[in-house]
Amino acid sequence: VITLRIDLDDDRRWYLPGDTVSGRAVWRLDEPVDAVELRLFWHTNGKGTEDVEIVDSLRMEAADHTGERSFAFRLPSGPYSFSGSLITLAWAIELVVLPGGDTERIELVVAPTPVEVRLAGLGREPKGHSISFGKRS
Amino acid sequence: MTIGNSSSNGDRGLSVGGRGCMTLFFGVFLVMGCIATVAMLGEAVREAAVWFWPEVDCTIMTSGVEETGDDSEPYRPSVRFEYLVDGRRHEGTGVARSDLSSSSFDSARRVVDRYPAGSRAVSRVNPSVPEDAVLERRFPFTIFIAFLPLIFVAVGGGGLYFVWKIVPRISRTDRGASISQRAGGASRLGKKIELGMGLLFTAVGGGLSIYLLVIPVLGLAMAATWVEVPATVISSNVRSWSTDDGTSYRADVLYEYSAGDRSWLSNRRHFFPVGSGDSDDARAIVDRYPEGASTTCFVAPDDPGRSVLDRSFRPVYLIGLFPLIFLLAGVGLTIHSRRADRPSVPEPLGRTEEAEVAVADRTLEPEAGPVAKVIGMLLVAAFWNGIVSVFVWQAVKGLQAGNPEWFLMVFLIPFVLVGLALIGGVFYTFLAAFNPRPTITISPGSPRLGTRLRVEWRFAGRAGRIRHLEIALEGFEKASYRRGTDTHTDRESFASFELVSTSVDWEIARGSAEVEIPEDTMHSFASSNNAIVWSLFLHGDIPSWPDVSETFEVEIRPLARERLLP
């Protein structure tokens with residue numbers, strides 16, 4: 001039995017774009033492995049073919065059976081976490097054992113508000129809407 | 001956490017039956033490819049063996065061009081020679097180990113010219129079988145052809161590897177829960193396939209372009225300075241032979257002319273290397289050059305053995321342009337495959353208001369200009385109708401011959417209708433090219449979520465023809481996915497803001513509108529298969545004429561960092 005754990009500081013799950021995601025990765029393995037890698041990434045779900053983009057990663061080479069390592073990843077300005085009719089985009093951090101592929105994952109929300117941006121139901125009139133014609137004043 | 005989990009996106013593995021069928025399918029490819037490769041490599045080795053045979057002097061007894069009896073390659077050099085091995089006399093008839101049969105009388109004659117009767121030459125004798133000797137050792141070109149069946153080997157082997165190695169790995173990855181392991185995997189594989197296809201198309205298109213375009217055009221250019229001399233048609237007949245697609249035909253006109261100090265025979269009618277394949281065309285040429293007829297040919301002054309009956313440009317040479325499509329497609333695919341495929345998110349945080357002043361206004365370009373639309377539609381229509389016309393011509397010929405091919409004609413109806421619609425599309429886009437041209441300017445030039453966007457429009461040309469104008473800002477999801485061998489793209493609108501809808505002339509010609517982009521929506525974003533796109537859609541209704549319809553993409557950036565912080 002192996003144990004992989006990702007502890008985020010303050011147990012946060014919601015981050016603003018540009019924030020720093022920090023915490024500690026912990027692993028207890030049955031045998032030595034090539035490496036343990038921590039990856040910050042986003043991925044899409046839905047009707048379209050899946051896109052996965054690793055934004056940042058931290059590789060711990062020739063890791064011992066057990067270990068732990070603190071980390072800090074700076075989030076980019078986007079894309080936001082969102083869900084729509086066709087596409088859902090989610091952020092996550094994974095701790096992956098290489099080459100085996102055993103994985104621990106924590107999902108994050110990266111958006112201006114604590115919930116992902118919901119696209120359904122946004123077909124509304126703008127808050128302000130004015131029209132003028134003729135020469136520009 | 002303790003491993004032993006976890007989430008799954010669905011099992012992408014193959015069923016036992018599916019795996020068996022695909023194994024059988026790819027296995028046949030692999031086996032057939034291996035057999036063909038081994039056979040061709042064996043032939044190449046047989047040809048190459050001559051290079052290691054000892055040289056023995058010989059005397060040419062007879063030499064000439066003989067008929068093979070095969071209409072596809074009717075001429076072959078025939079040389080008989082004698083040589084001595086260990087004091088014993090032997091007689092040989094082989095020029096080379098490979099078959100030198102050809103459709104060109106000239107190429108056979110050029111070989112024969114190297115071995116006039118009574119002359120001395122050097123033969124290569126098989127040390128194991130002294131009766132086996134040839135005059136020439138040639139590069140074993142079969143070795144290049146041997147690579148063709150390797151394509152089957154690659155398809156078969158690659159398919160089996162995919163079925164037995166990749167699919168289980170994908171299936172395992174899905175069950176093993178690591179999503180990040182899939183980053184770039186499909187994209188990298190797609191890029192490799194794209195690169196492979198690009199190189200294959202480039203090689204095939206380039207090779208065919210050289211064979212069908214460059215060499216014939218060079219021949220035409222050189223023949224412009226050749227000397228016209230009298231010639232007599234020695235024989236003239238229609239050659240025919242079976243191919244995979246039926247029967248092919250070629251007019252074979254053998255003519256004689258005098259140049260230098262001797263007479264020459266040749267059957268080169270023109271420089272295009274491929275016959276029409278049409279029996280009527282071949283018959284018409286034979287009728288034009290009947291046996292015994294006097295005519296003229298054109299002879300190279302510095303090489304009187306080179307001649308041609310007809311040095312004029314003919315439409316058949318235009319066929320040589322078709323491989324350029326493959327060549328361009330191959331180069332395009334190759335270049336595209338080398339480009340980085342990174343997701344795009346508009347510029348990030350921390351831009352100051354001062355920095356944004358630099359992009360206060362931006363004039364947007366429509367996604368496709370009027371000329372590009374006409375050319376694009378013209379190319380599509382020409383490509384489609386060019387292919388369909390070949391089959392339509394077959395059907396028409398059947399009708400003319402009193403032997404109508406009803407199945408072909410019925411089968412062609414939907415294809416012809418699509419072709420007619422495409423021709424209509426060419427006229428439509430052509431007429432639309434004379435429409436008033438809209439210009440859209442937005443301010444700020446790089447809008448962000450939560451900002452007020454000002455949109456200005458104006459028309460160049462006769463805007464008075466437009467009866468009604470609508471402009472809307474729309475945000476939509478765009479998702480691409482594969483179904484079978486096709487790639488589909490779905491769109492779904494999630495926000496739509498009408499900026500203007502008017503039928504007043506002076507309002508249509510020029511104006512502006514403002515809209516506030518909500519904060520709680522999604523910024524522009526694009527990855528390989530998924531995107532959030534914001535666009536301005538402009539539609540101008542013109543009675544009895546193609547409407548003005550343009551789309552302008554607007555890149556909307558995420559919220560400014562200072563707007564995010566409490």
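User: Which residues does B:F326 touch, not counting residues up to four places away in sequence?

Analyst: This is a predicted model, in which local features need pLDDT of at least 70, side-chain atom pairs count only at pLDDT 80 or more, and totals for chains, interfaces and linings use all residues, while side-chain values use heavy atoms, with hydrogens and water left out. Residues are numbered from 1 along each chain as its sequence is written, and chains are lettered from A and ligands numbered from 1 in the order in which they are written. With contact taken to mean heavy atoms within 4.5 Å, and with residues up to four places away in sequence left uncounted, B:F326 touches B:F201 and B:G205.

User: What is the relative accessibility of B:F326?

Analyst: B:F326 has its place in helix α7 of chain B, residues 322-338, where helices (H or I, at least four residues) and strands (E, at least two) are DSSP runs, numbered from the N terminus. With a 1.4 Å probe and protein chains only, buried means under 20% relative accessible area, exposed over 50%, and partly exposed in between. B:F326 counts as partly exposed because its relative accessibility is 41%.

User: What distance separates the C-alpha atoms of B:F326 and B:G198?

Analyst: Along the chain, B:F326 and B:G198 are 128 residues apart. In space, their C-alpha atoms are separated by 9.3 Å.

User: Which backbone oxygen lies 3.0 Å from a polar atom of the side chain of B:T429?

Analyst: B:T429 is found in helix α10 of chain B, residues 406-432, and it counts as buried because its relative accessible area is 13%. Beyond its neighbours within four places in sequence, B:T429 is in contact with B:K373, B:V374 and B:M377. The backbone oxygen that lies 3.0 Å from a polar atom of the B:T429 side chain belongs to B:V426.

User: How many disulfides does the structure hold over all chains?

Analyst: Two cysteines of chain B can be placed beforehand: B:C58 is buried, with a relative accessible area of 1%, and B:C297 is buried as well, with a relative accessible area of 0%. If a disulfide is a pair of cysteine sulfur atoms within 2.5 Å, the number of disulfides over all chains is zero.

User: Which strands stand at the edges of the five-strand open sheet of chain B?

Analyst: Two strands pair if DSSP finds at least two bridges between them, and on that basis five strands of chain B form an open sheet with antiparallel pairing, in the order β3-β2-β1-β4-β5. Each edge strand has a single partner strand, so one side of each is left without a neighbour in the sheet; in chain B these are β3 (88-92) and β5 (133-134).

User: What angle does the direction of helix α2 of chain B make with that of β2(B)?

Analyst: Strand β2 of chain B, residues 75-85, pairs with β3(B) in the antiparallel sense over five bridges, and B:L84 stands opposite B:R89 in β3(B). Helix α2 of chain B, residues 105-113, packs on the sheet and touches β1 (55-67) and β2 of that chain. Axes are lines fitted to C-alpha atoms, for helices over the stretch in contact, and angles run from 0 to 180 degrees between N-to-C directions; the direction of α2 makes with that of β2(B) an angle of about 20°.

User: How many bridges join β6(B) to strand β7 of chain B?

Analyst: Strand β6 of chain B, residues 227-243, pairs in the antiparallel sense with strand β9, residues 294-300, over six bridges, and the bridge partner of B:E228 in β9(B) is B:F298. With β7 of chain B, residues 246-259, β6(B) also runs antiparallel, and there B:S240 stands opposite B:Y249. The number of bridges that join β6(B) to β7 is 12.

User: Which residue in β15(B) is the bridge partner of B:E474?

Analyst: Strand β14 of chain B, residues 468-483, runs antiparallel to β18, residues 530-541, and 12 bridges join the two. Between β14(B) and β15, residues 486-502, which run antiparallel, there are 15 bridges. In β15(B), the bridge partner of B:E474 is B:S496.

User: What percentage of the residues of chain A count as buried?

Analyst: Chain A has zero helices and 11 strands, whereas the secondary structure of chain B comes to 12 helices and 19 strands. Of the 566 residues of chain B, 38% count as buried. For the 137 residues of chain A, the percentage that count as buried is 52%.

Note on methods:
A polar contact is a pair of N or O atoms within 3.5 Å; within protein, one must be able to donate a hydrogen and the other to accept it, and residues adjacent in sequence count only if both atoms are side-chain atoms.
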